[in-house]
Amino acid sequence: MSTTLLARSIKHSLQVGTKRLGADIVVVPGGKEMETQTAILLGKPVSGAWMPVENIGRIAQVEGVAKVSPQLFLQTLTGAACCSAWDMFMVAFDPKSDFTITPWLKEKLKQPLGSQDVIGGDWVIVPEATGKVMIYGVEVNLVGKLEPTGMGLDQTMFLTFNSAREIAKESVATAARPMEIPEGKISAVQVKVKGNYGIDEVAKRIMDKVPGTYAFASLELTRAIHRQTEGLFRMLFLGLTVVWVLAVILSGLVFSLMVNERRREIGLLRAIGANGRFIFKLFLIESGVLGLGGGLIGVVFAVVFVYLFRVYLMLSAEVPLLIPSLPSILGFMLACLVIALILALPALLYPAIRASRIDPAVAMREV
């Protein structure tokens with residue numbers, strides 16, 4: 001159950017996260033593709049990812065490209081009092097061309113970001129100790145938080161190009177080390193592909209037309225996670241199969257012992273007129289109720305375990321993780337209970353059949 005819920009949570013996180021990412025393709029400097037994917041998935045900052053601003057126009061002219069929007073990849077300092085959070089991944093976007101954050105701003109805030117306004121992921125908070133968010137010694141306003149995705153976007157801060165440049169300018173006097181944004185450089189270009197073109201095909205064209213870049217599709221994030229977790233889940237499901245087989249054997253043994261301990265009761269029931277079918281139904285229902293109770297306890301424990309340790313699981317396994325909604329969880333729990341009962345059916349049937357075939361006279365003599 002825990003393994004299945006973990007797999008569902010990873011899949012749910014990727015679905016929500018790639019939707020929030022908004023782009024069909026992300027174009028980054030060659031050699032920075034792995035760092036960028038890690039930043040998106042886990043929120044680890046990208047350093048030194050710069051390419052010429054002219055790449056925006058070159059990418060826009062590639063056949064199949066519908067929209068382009070540049071971004072700057074920045075990060076806060078480490079061990080510096082001028083930054084509220086250390087090593088935080090920051091993304092600066094261009095409001096004029098952006099098609100990911102800007103629509104959310106129009107829908108939720110009903111207004112554009114101000115000069116020192118920022119948007120945070122679900123994990124970005126205002127420190128209680130200071131009551132304010134500091135970036136390179138500059139106080140900024142956290143005006144909104146994006147919906148959780150379970151990905152690195154949850155611990156990422158978003159701000160406009162103008163805000164990033166203003167902070168970089170002020171940081172010369174306010175920070176232990178100023179924030180540097182090279183002139184005429186950008187970090188990435190988000191790309192929307194026209195509806196009648198294949199995403200992988202357009203990504204290949206971009207790399208051919210714009211040397212020194214790497215274009216990866218948002219679906220490549222999903223593929224990377226699948227490759228990363230394939231071996232892990234193979235071992236987990238193998239262990240799950242072994243545990244299930246042992247559980248069925250042990251359950252059958254326990255219920256068989258229960259039948260042996262109650263042979264006199266069975267004999268008395270048969271003696272007063274209960275037939276084999278009645279005994280069979282009685283033990284099947286009793287075993288089913290016990291199995292259902294055990295399954296319910298196991299399902300609840302699995303959900304609570306994954307929920308409480310979701311952050312540890314995400315960081316240790318380095319995978320995105322977002323628990324599905326409550327209705328989805330309840331439906332999933334019900335499905336797991338039904339499957340558990342079906343899988344445990346062999347362990348329930350054997351003792352019930354044995355009980356229904358006990359000879360009452362023999363059972364009474366054994367007591």
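User: Which residue in the hairpin of β6 and β7 takes a positive phi?

Analyst: In this predicted model, Tyr136 has a positive phi near 55° in that hairpin, where 2 residues lie between the strands.

User: What makes β6 and β7 a strand pair?

Analyst: Pairing requires at least two bridges between the strands. β6 and β7 are joined by 3 bridges and run antiparallel, so they meet that requirement. One of the facing positions is Ile135, which stands opposite Val138 in β7.

User: Why does β6 count as an edge strand of the sheet?

Analyst: The sheet is open, has 9 strands with mixed pairing, and follows the order β6-β7-β5-β8-β4-β3-β10-β1-β11. β6 (133-135) has a single partner strand, as does β11 (213-217), so each has one side without a neighbour in the sheet. On average, neighbouring strands of the sheet are turned by 35° against each other, with direction ignored.

User: What makes the pairing in this sheet mixed?

Analyst: Both senses occur around β5. β5 and β7 pair in the parallel sense over 4 bridges, while β5 and β8 pair in the antiparallel sense over 2 bridges. The figure of 2 bridges for β5 and β8 still satisfies the requirement of at least two. Ile119 has a partner on each side: Gly144 is its bridge partner in β7, and Phe158 stands opposite it in β8. Gly120 stands opposite Lys145 in β7.

User: Which residues point one way from β5, and which the other way?

Analyst: Asp117 and Ile119 point one way, Val118 and Gly120 the other, and all are buried. In a regular strand the side chains alternate between the two faces of the sheet.

User: How do you know that β3 and β10 are partners, and in which sense do they pair?

Analyst: DSSP pairing needs at least two bridges; β3 (residues 65-75) and β10 (residues 188-193) have 6, in the antiparallel sense. Val65, for instance, has Val193 as its bridge partner in β10.

User: Which strands does helix α6 touch?

Analyst: Helix α6 (residues 199-209) packs on the sheet and touches β1 (25-29), β3, β10 and β11. Its direction makes about 175° with that of β11. Because these angles run from 0 to 180 degrees between N-to-C directions, a value of about 175° puts α6 and β11 in nearly opposite directions.

User: Which strands does helix α5 lie across?

Analyst: Helix α5 (residues 161-174) lies across β3, β4 (89-93), β5 (117-120), β6, β7 (138-145) and β8 (156-160), and runs at about 100° to β8.

User: Why is Phe161 called buried?

Analyst: Phe161 has a relative accessible area of 9%. The cut-off for buried is under 20%, so Phe161 qualifies. Phe161 is placed in helix α5. Leaving aside neighbours within four places in sequence, Phe161 is in contact with Pro70, Gln71, Leu72, Ala92, Phe93 and Asp94. Phe161 and Leu72 are 89 residues apart in sequence, yet their C-alpha atoms are 7.7 Å apart.

User: How do you know that Cys82 forms no bond with Cys83?

Analyst: A disulfide needs two cysteine sulfur atoms within 2.5 Å. The sulfur of Cys83 is the closest to that of Cys82, at 4.2 Å, and is therefore too far for a bond. Cys83 is likewise in no disulfide, and a search of the whole structure finds 0 disulfides. Both cysteines are still buried: Cys82 has 10% relative accessibility, and Cys83 has 4%.

User: Which residues have the most contacts inside the largest nonpolar core?

Analyst: That core has 41 residues, and those with the most contacts inside it are Ile25, Val27, Tyr136, Val189, Val191 and Ile206. Not counting residues up to four places away in sequence, Val27 touches Met51, Ile59, Ser187, Ala188, Val189, Val191, Ile206, Thr213, Tyr214 and Ala215. Another core, of 26 residues, lies apart from it and includes Phe89, Leu146, Leu153 and Phe216. In soluble globular proteins, nonpolar side chains tend to be buried together.

User: How many of the contacts in the chain join residues 24 or more positions apart?

Analyst: Among contacts with a separation of 6 or more, such pairs account for 78%. The chain has 13 helices and 11 strands, and 44% of its 367 residues count as buried.

Note on methods
Residues are numbered from 1 along each chain as its sequence is written. This is a predicted model: local features need pLDDT of at least 70, side-chain atom pairs count only at pLDDT 80 or more; totals for chains, interfaces and linings use all residues. Side-chain values use heavy atoms; hydrogens and water are left out. A nonpolar core is a set of buried Ala, Val, Leu, Ile, Met, Phe, Trp, Tyr and Cys residues joined through side-chain atoms within 4.5 Å. Buried means under 20% relative accessible area, exposed over 50%, partly exposed in between (1.4 Å probe, protein chains only). Contact means heavy atoms within 4.5 Å.
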